[in-house]
Structures are given as C-alpha cells and as structure tokens.
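Hi everyone, thanks for coming. Please bring up the sequence and the structure on your screens, and we'll walk through them together.

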Amino acid sequence: MAPHYPEPYDDRGSRILRSTLILAAVAGVLTVVVGLVFMLLNPEEYGLSEGRQSLSLSSQPDAITSGQPRQALFEAPPTAPPPLPQVVPAPPMQPSNPLRVVIKRLGINAPVSSVGVDRKGAIQTPDRQSEPGRLVPARVHGG
C-alpha cells in the first residue's frame, strides 16, 4: 500500500513571491546577455579592439641606455617571507597614582589607597582586616 501524503498547502502569497523571484532572475540574466551583446557589437567603445596600446611603466629598467632601473624594483625571491607592515608603537603611559575607581555601569565609585611592602618584600595588608561574611573594601594588586 502506497503511503498517503497530505495535500500541499496552497498559498496564493507564496505563489506570487515565487513568480516574482523567477521573473527577477530571468530579467537579470537577460540584462547581462544584452550587455554582452552591446560589448561585442562595439568593441572599440569598450576597449576590446585588437589595436591596443601598451603603456610604458616608469619602474621598468631602461635597458637601451644603462641597463639600470629608473626606479627601484621590488622583487624578492619566492622563498622570502612577506614584508611586515610598519608598526608605530603607542607612546608609553606615564606612571600614575589613581585616587578612585569609578565604574558607572556597576554603580562603583570607591577610593583607592596604596600600600607598601613589609620586611620580607611581601605586600602589606591594609589597615582594615576583613572577616568572613563582612562587607569590606576590595583589594586590587597592580604591578
């Protein structure tokens, strides 16, 4: 017994859209073909004629007089890596001592204080010690 398939949904809008797209595709192909015919019928107008003129390049060597190029040629051996772009580094930032940390989006506006190092060379702890579960200022270590 053959499987029973439901009837396809017949929507007038999808048929109109499909017809419009097919018509646009045919019009596009027809436009390209007409353009090619115009080019083939008038090759002089579009630069396709047989009598082309060659342009003189100033970077080519003047072999008749000196054999030396008038302008440097940039030809590297095939195994040479590509040239790297010239990178200009940004000027270094000057040292600063920030006074506040402000992050408007998070609603943070807090003072910043600096600490030194102890006798062993470790970072000193701030004056206020934190206890677990207590809200205290955060500590940020920057080198």
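Let's start with a question: which residues does Val101 touch, not counting residues up to four places away in sequence? They are Ile108, Asn109, Ala110 and Val112, where contact means heavy atoms within 4.5 Å.

A word on what you are looking at: this is a predicted model, where local features need pLDDT of at least 70, side-chain atom pairs count only at pLDDT 80 or more, and totals for chains, interfaces and linings use all residues. Residues are numbered from 1 along each chain as its sequence is written, and side-chain values use heavy atoms, with hydrogens and water left out.

Back to Val101. You'll find Val101 in strand S1, residues 100-103; helices (H or I, at least four residues) and strands (E, at least two) are DSSP runs, numbered from the N terminus. S1 runs antiparallel to strand S2, residues 108-111, and 4 bridges join them; two strands pair if DSSP finds at least two bridges between them. Across from Val101, in S2, stands Ala110. The C-alpha atoms of Val101 and Pro111 are 6.3 Å apart, although 10 residues separate them along the chain. The hairpin has 4 residues between its strands, and Gly107 there takes a positive phi near 75°.

Is Val101 buried or exposed? Neither: Val101 is partly exposed, because its relative accessible area is 38%, and buried means under 20%, exposed over 50%, partly exposed in between (1.4 Å probe, protein chains only).

Now to the helix. Val34 sits in helix H1, residues 12-41, and is also partly exposed, at 39% relative accessibility. Val34 joins Leu30, Phe38, Tyr46 and Leu48 in a nonpolar patch on the surface, with about 470 Å² of accessible area together. Accessible areas come from the Shrake-Rupley method with a 1.4 Å probe, and for residues only the protein chains shown count as cover.

Let's zoom out. The chain has 1 helix and 2 strands, in the order α-β-β from the N terminus. Of its 143 residues, 0% count as buried.

Finally, confidence. The average pLDDT, the predictor's confidence in each residue from 0 to 100, is 76 for the chain, and 66% of the residues score at least 70. The mean is highest in H1, at 91, and lowest in S2, at 85. Where pLDDT is low, the predicted coordinates should not be read in detail.

Terms used
Patch = residues over 30% accessible without salt bridge, like charges linked within 9 Å, V, L, I, M, F, W, Y side chains within 5 Å. Salt bridge = Lys/Arg side-chain N within 4 Å of Asp/Glu carboxyl O.
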